[in-house]
Amino acid sequence: MNEERVAALVVLNEGADGVPVRGWFERQGFMVGPLVGISFSIEGPRAGMEEAFSGYGEAEQAGGERELALDALPEDVRSAVKAVTLEAPPDYGPWNP
């Protein structure tokens, strides 16, 4: 069974070390993109995203660009992360004629 996969962008605080933060997301089962500047992408099953970020479902339903709550992250990860955001889907493509 293929579980729907979802993605988000993790933005680090300036000066934060991204290696341990990326490692934590990898251990949680997320595919982690390369660190580019102060951010990297994460992708994983919807259930994993809902577990890592309280209120994920509501934020996703709200549409537009939104930030996720960080309170479910461990303190060492949370202190290095400035924001985790969801991007609005594009206004074009087969799902939006």
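Contact here means heavy atoms within 4.5 Å. In this predicted model, Thr-85 touches Ala-8, Leu-9, Arg-66 and Glu-67, residues up to four places away in sequence being left out of the count. Thr-85 lies in strand 5, which spans residues 81-86. This briefing treats the sheet around that residue and then the salt bridges.

**Sheet architecture**

- Five strands make up an open sheet, arranged in the order 2-3-1-5-4 with antiparallel pairing.
- Strand 2 (31-32) and strand 4 (66-67) occupy the edges; each has a single partner strand, so one side of each remains without a neighbour in the sheet.
- Helix 1, formed by residues 18-27, packs on the sheet and touches strand 1, strand 2, strand 3 and strand 5.
- The direction of helix 1 makes an angle of about 10° with that of strand 3.
- Strands of a sheet pair through backbone hydrogen bonds, in either a parallel or an antiparallel sense.

**Strand 5 and its two partners**

- Strand 1 and strand 5 run antiparallel and are joined by four bridges.
- Within this pairing, Val-10 has Val-84 of strand 5 as its bridge partner, and Leu-9 is matched with Thr-85.
- Strand 4 also pairs with strand 5 in the antiparallel sense, here over two bridges.
- On that side, the bridge partner of Arg-66 is Leu-86 in strand 5.
- Strand 5 is mostly covered, with five of its six residues buried.

**Environment of Thr-85**

- Thr-85 has a relative accessible area of 8%; it counts as buried because this value is under 20%.
- Leu-9 is both the bridge partner of Thr-85 and one of the residues that Thr-85 touches.
- Arg-66 and Glu-67 are also among the contacts of Thr-85, and strand 4 covers residues 66-67.

**Salt bridges between distant parts of the chain**

- The structure contains four salt bridges.
- One of them joins the side chains of Glu-4 and Arg-46, with an N to O distance of 2.8 Å.
- This pair connects distant parts of the chain: Glu-4 belongs to the segment before strand 1 (5-12), Arg-46 belongs to helix 2 (residues 46-52), and the two are 42 residues apart.
- Glu-4 is partly exposed at a relative accessible area of 48%, whereas Arg-46 is buried at 19%.
- The assignment of Arg-46 as buried follows because 19% falls under the 20% limit.
- Another salt bridge forms between the side chains of Arg-5 and Glu-43, at 2.8 Å from N to O.
- This pair likewise links distant parts of the chain, with Arg-5 in strand 1, Glu-43 in strand 3 (residues 39-45), and their positions 38 residues apart.
- Arg-5 is partly exposed, with a relative accessible area of 39%, and Glu-43 is partly exposed as well, at 27%.

**Salt bridge within helix 4 and the shared network**

- The side chains of Arg-78 and Glu-75 meet in a salt bridge with an N to O distance of 2.6 Å.
- Arg-78 and Glu-75 are three residues apart in helix 4 (residues 75-78), so about one helical turn separates them.
- Arg-78 counts as partly exposed, at 28% relative accessibility.
- Glu-4, Arg-46 and Glu-60 are joined into one network by salt bridges that share partners.

Key. Residues are numbered from 1 along each chain as its sequence is written. This is a predicted model: local features need pLDDT of at least 70, side-chain atom pairs count only at pLDDT 80 or more; totals for chains, interfaces and linings use all residues. Side-chain values use heavy atoms; hydrogens and water are left out. Buried means under 20% relative accessible area, exposed over 50%, partly exposed in between (1.4 Å probe, protein chains only). Two strands pair if DSSP finds at least two bridges between them. Axes are lines fitted to C-alpha atoms, for helices over the stretch in contact, and angles run from 0 to 180 degrees between N-to-C directions.
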